[in-house]
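Take a walk through this structure, one strand and one side-chain pair at a time. Keep the sequence and the model open side by side.

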Amino acid sequence: MDSNGSAIFETNTGSDQPVGAPVVYDWYGNGQKVVLLAAGNKLYGWDENGQSLPRFPFKLQEQIAAPLLVSDINSDGQPEAFVATTSRELHALNRRGEDLEGWPVSTNSIITSPLSIGKYKNEKIIFAFAGNTAHGWRTDGSTPAPFPAFIDAPFTGSPIIFKDYILGNAANGKVYSMGNDPLFETSSGTDSGGKALNVSGSSLSGSPQVQTMSIHSNGETYHGPALVTTDSNGALFYFTSSGKLLFNTNIGQPAKSGFSPIIADIDGDGIHDILTLGRYGSLHAWTSLNGTKLDILPSASMEYPIIADIDEDGFVELIAQTNDGLRCWTIYGK
């Protein structure tokens, strides 16, 4: 759909069930965006008119298990499609639908959560969580130290890249940092030599988020990278990047399973706001500065909320799936 809600094209994948959201990407490097979608055991591709792309769909031997990621991992101007399958493999497919040399790679468990890709110690690395293991691979499929890294419980979200660390939420209520050195200060709030931050007695939800923010806490103002995460009971926590708790609050109901906090300035005051979703679809927001609850969001039950200024008028829109279909609201602030 365009910004006015009008359909651009409509297509389907037949009996192949989509896995994750479509990806819009300049697949051919010609300035023309295409739509790519993982479904069943195939990778589908359509042009801007809804016509199937040459060679598509790419067919794999096993069912696809995780949302598609598209990126040019080796910086040669030609993107790759990263596709995880139920055979516990991760493929890196080129434009012809063929794996790069050194791929596919294998994991100890099936990858089901979204992948991440970014700079880690000056190398472009693709990261994935599979069960209780954090994996990382270079362009050629080799693994940088200290990966694979094993923890004491299953991961609950996706890898988050912060400096030379990979952060991940876990089902035992801890945030783990994976890197060669400890990230969190060793104290009563950490274990494993400062590599795991004890957050909650309940499972953490989704992925932790890190953003540079100003936060008032205990009469002082902290300005720097802040780590924000939620647990399954609906508690929201703010920490410094070294693991010091700044404050926490609660949405008053269990959190939506798998949902990660959204950090965005929704009311246009220049201050980051934190949004999280309740189990029954209610969206809640607080200002990051002091944790004040913001009562400017619609009360509709929703899923998959996205914050973006789609019409570029200076006011953000909230787009979400509801019982009445896909809806869009403009947030004008207080």
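A residue is called buried here if its relative accessible area is under 20%, exposed if over 50%, and partly exposed in between, with a 1.4 Å probe and protein chains only. The model is predicted, so local features need pLDDT of at least 70 and side-chain atom pairs count only at pLDDT 80 or more, while totals for chains, interfaces and linings use all residues. Residues are numbered from 1 along each chain as its sequence is written, and side-chain values use heavy atoms, with hydrogens and water left out.

Start with strand β15, residues 174–178. Strands are DSSP runs of E with at least two residues, helices are runs of H or I with at least four, and both are numbered from the N terminus. In β15, 5 of the 5 residues are buried, so the strand is largely enclosed by the rest of the structure. In a regular strand the side chains alternate between the two faces of the sheet. Both faces of β15 are covered. K174, Y176 and M178 are buried on one side. V175 and S177 are buried on the other.

Now look at the neighbours of β15. Two strands pair if DSSP finds at least two bridges between them. Strand β14 (residues 165–169) is joined to β15 by 4 bridges, and the two run antiparallel. Within this pairing, N169 stands opposite V175. β14 and β15 form a hairpin, with 4 residues between them. In that turn, G173 has a positive phi of about 80°. Strand β17 (residues 196–198) also runs antiparallel to β15, with 3 bridges joining the two. Here V175 stands opposite L197.

Step back to the whole sheet. It is open, has 5 strands and follows the order β13-β14-β15-β17-β16, with antiparallel pairing. The edges belong to β13 (160–162) and β16 (190–191). Each has a single partner strand, so one side of each is left without a neighbour in the sheet. For β13 the partner is β14: 3 bridges join them, and they run antiparallel. I161 of β13 stands opposite I166 in β14.

Both of those isoleucines lead to F127, since I161 and I166 are among the residues that F127 touches. Contact means heavy atoms within 4.5 Å. Other contacts of F127 include L115, Y120, H135, F147 and P159, with residues up to four places away in sequence not counted. F127 itself sits in strand β10. At 1% relative accessibility, F127 counts as buried. N49 makes a useful marker for distance: F127 and N49 are 78 residues apart in sequence and 33 Å apart in space, C-alpha to C-alpha.

Next, the aromatic rings. Rings of Phe, Tyr and Trp (its six-membered ring) pair if their centres lie within 6.5 Å; planes under 30 degrees apart count as stacked, over 60 as edge-to-face and the rest as tilted. By this rule there are 12 aromatic pairs. One of them is F129 with F155, stacked at 3.8 Å centre to centre and 10° between the planes. This pair links distant parts of the chain, 26 residues apart. F129 lies in strand β10 (residues 123–130), and F155 lies in the loop between β12 (149–150) and β13. F129 and F155 are both buried. F237 and F239 have ring centres 6.3 Å apart and planes at 25°, so this pair is stacked. F237 and F239 are buried too. Elsewhere, W27, F56 and F58 form one aromatic cluster.

Finish with charge. Side chains of opposite charge can pair when their charged atoms come close. A salt bridge here is a side-chain nitrogen of Lys or Arg within 4 Å of a carboxyl oxygen of Asp or Glu. The count comes to 4 salt bridges.

Among them is E123 with R138, at 2.9 Å from N to O. E123 is in strand β10, while R138 is in the loop between β11 (133–137) and β12, 15 residues apart. E123 is partly exposed at 31%, and R138 is partly exposed at 26%.

Another joins K256 to E303, with the closest N and O atoms 3.3 Å apart. K256 lies in the loop between β21 (245–250) and β22 (262–264) and E303 in strand β26 (residues 302–308), so the pair ties together parts that are 47 residues apart in sequence. K256 is partly exposed at 23%, as is E303 at 31%.
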